[in-house]
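Notebook open, coffee poured. I'm jotting down what I looked up, in the order I looked.

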Amino acid sequence: MSRRLVGIYLVVAVGLAAAPRFLDAYQIDVINSVGLYVLLALSLNLILGDAGLFNMGHAAFYAMGAYTAAILNTRLGLPILWALPASGLVAALFAALVARPVIHLRGDYLLVVTIGLGEIVRIALVNDVFGLTGGANGIFGIARPVLLGHKIRKPDEFLYLIWGFVAVTVFLFHRLEQSRFGRALTYLREDPVAAEGSGIDTARYKLMAFALGAAWAGMTGALYASKMTIISPESFSFWESVVVFLMVILGGSGSIPGVMVGAAIVVLMPEVFRTFATARMLVFGLVMMIMMVVRPQGLLPWRALRFKRSDLPRREAAP
Amino acid sequence: MEQFLQQLINGLAVGSIYALIALGYTMVYGVLRLINFAHGDLFTYGAYLGMTLLTSLLLKDRLGLTLGLLVLAGMVMGLVAVVGVLLERAAYRPLLTAPRLSAVVSALGASIFLQNTLMLIYGARYQVYPDILPQTTVDLLGLPVPIMRIIVVMVSVVMMAVLFLFVQKTKVGTAIRAAAIDQGAARLMGIDVNRVIQLVFIIGPALGGAAGLLVGLYYGQISFTMGWTYGMKAFTAAILGGIGNIPGAMVGGLILGVVEALGAGYVSIAWKDAIAFVVLILILIVRPSGLLGERVAEKV
């Protein structure tokens, strides 16, 4: 993380922390939904941007997490924030299980398979699989989250919960980017053959990236369930996967600040275009085309990590 | 047995519509390596244009049923092809050298745009096709089959046969195949690849538009979002057959339609839409590049 980026993050954090003083409840709610999409976009970025796996069924993992949290909460009475790790785990296990046989498929084949997985999960939820998901009506009566004995229910309070989770995620993902794992993924995406030749177990790393991204989407799902207190299959449609996919590519695939900007733009654009009334989605589509034609690499494209001499451990720096 | 045959014929009718749409996906993919997500919406354009022309021009009263429908089909295919060419110019040509996923996002943007133009013009509600075809059934080996099903299958088969011969036997068709195999080499052989791309964006949308018209006539009800479902199914069919491969798209479409119809009839109607994808995943596990796709070595 460069110093300038840290500075920008701090400014944004201060701005968000002060937001409840200046904005009304509706606007805060929009910001909360930006936060949830930022989390989803960051988690998909791990799969699509870092590992280069075309995944257009991310809503499946989001749904897995949301439903896990909702079922644990409504059936077993587990507090929703306690269900967070379970949601991540279930989504990751599911992702690893279904991705194992298909992860070697060529780009576009994988894209269609993941679209298919997303649809299968959604249809399974509609059909009330195992009698747990509540069919097309979904699950309602999910308890509000309780943090340190305080019940979170107002949009302002959710702002801190959601964006707090975003802050933790951004920190962890930046660390991950610079770790051995992150560098292996970058290598893998840029040149899979050379990466394999250098002894990187490509299948394993791809699978790990897939599972980790899914885990984060699952936890985001749990947060979503706690915010809405009601979830239904239509919240996890194909459109949802497409939107998150757009955020990653529009913002700059592989770049953490990029996909965050992408998420903010995609959520806020229809709000800004409210003046166009029914034509706002038309304008949205048009703007997307124009943005891609003008900046095909995304708004804030990924840049290779650079290391200064002082970053290197002393032993290696010595001649 | 009778139910089985009925489901089979129904599946063939739906499958041949999938196949017609899948051809557009597969031809564009073959030349550009691009998933044209807006193709499903060109199909919807076909359905809506067909409805508008049918009600406004009164072709049936002026030209009689058969000739009227032929003229209508020609007009719809021509108009949708124009939209296809414009789409290529606006959304894809500027991105020829860009990263591949940028073109995918541009395609998604185009899809949203096209869908919403229809929504703004016609409104968000279902539209109903005028009832012009006789509701008769034909006796097929002792089996009563609605005539529309037979028309759908026959029209699709004829169009696919014409396309197949065109691509295999003519000089222009050879150029399309050459550009699909290796664009650079095709260019060196004196093929104007940009014209090939344009041609592909005429043929694909024309077939998609025809499929839209057929769906309108067959089901009698259309909506502005139907391009997503049909497009997704057709694209699945193209992948199933091996994307970039023209016979593969036809085979894939027919298989998908039949499996779906039989699955809905014998397994469960609620899982109908999932069956197609389960079949796709199972086939791709066994044959990673589709049924007729060439094997591209990519070891992981």
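I started with strands 2 and 3 of chain B, residues 137–140 and 143–146, which pair in the antiparallel sense over four bridges. This is a predicted model, so I'm treating every value here as computed from it. I checked the register next: T137(B) stands opposite P146(B) in strand 3 of chain B.

Then I looked at how strand 2 of chain B gets to strand 3 of chain B. The two form a hairpin, with two residues between them. L141(B) sits in that turn, and its phi is positive, about 55°.

Zooming out, I counted up the secondary structure of chain B: twelve helices and four strands.

What is the radius of gyration of chain B? I get 19 Å, and because a compact globule of 300 residues would come out near 19 Å, the two agree. Along the principal axes, the C-alpha atoms of chain B fill a box of roughly 55 × 45 × 40 Å.

I also pulled burial: 51% of the 300 residues in chain B are buried. For contacts in chain B between residues at least 6 apart in sequence, 76% join residues at least 24 apart.

Last stop was the contact between the chains. How many residues does each chain put in? Chain A gives 35 and chain B gives 37. On the chain A side, helix 5 (107–126), helix 9 (202–228), helix 10 (238–251) and helix 12 (280–294) each supply at least two residues. Sorted by class, the side of chain A that touches chain B has 24 nonpolar, eight polar and three charged residues.

Terms used:
Residues are numbered from 1 along each chain as its sequence is written. Chains are lettered from A and ligands numbered from 1 in the order in which they are written. This is a predicted model: local features need pLDDT of at least 70, side-chain atom pairs count only at pLDDT 80 or more; totals for chains, interfaces and linings use all residues. Two strands pair if DSSP finds at least two bridges between them. The radius of gyration is taken over C-alpha atoms; the globule rule is 2.2 Å times the number of residues to the power 0.38. A residue is buried if 20 or more other C-beta atoms lie within 10 Å of its own, exposed if 12 or fewer, and partly exposed in between; C-beta atoms are placed from the backbone. Two residues are in contact if their C-beta atoms, placed from the backbone, lie within 7 Å. Ala, Val, Leu, Ile, Met, Phe, Trp, Tyr, Cys and Pro count as nonpolar, Asp, Glu, Lys and Arg as charged, and the others, Gly among them, as polar.
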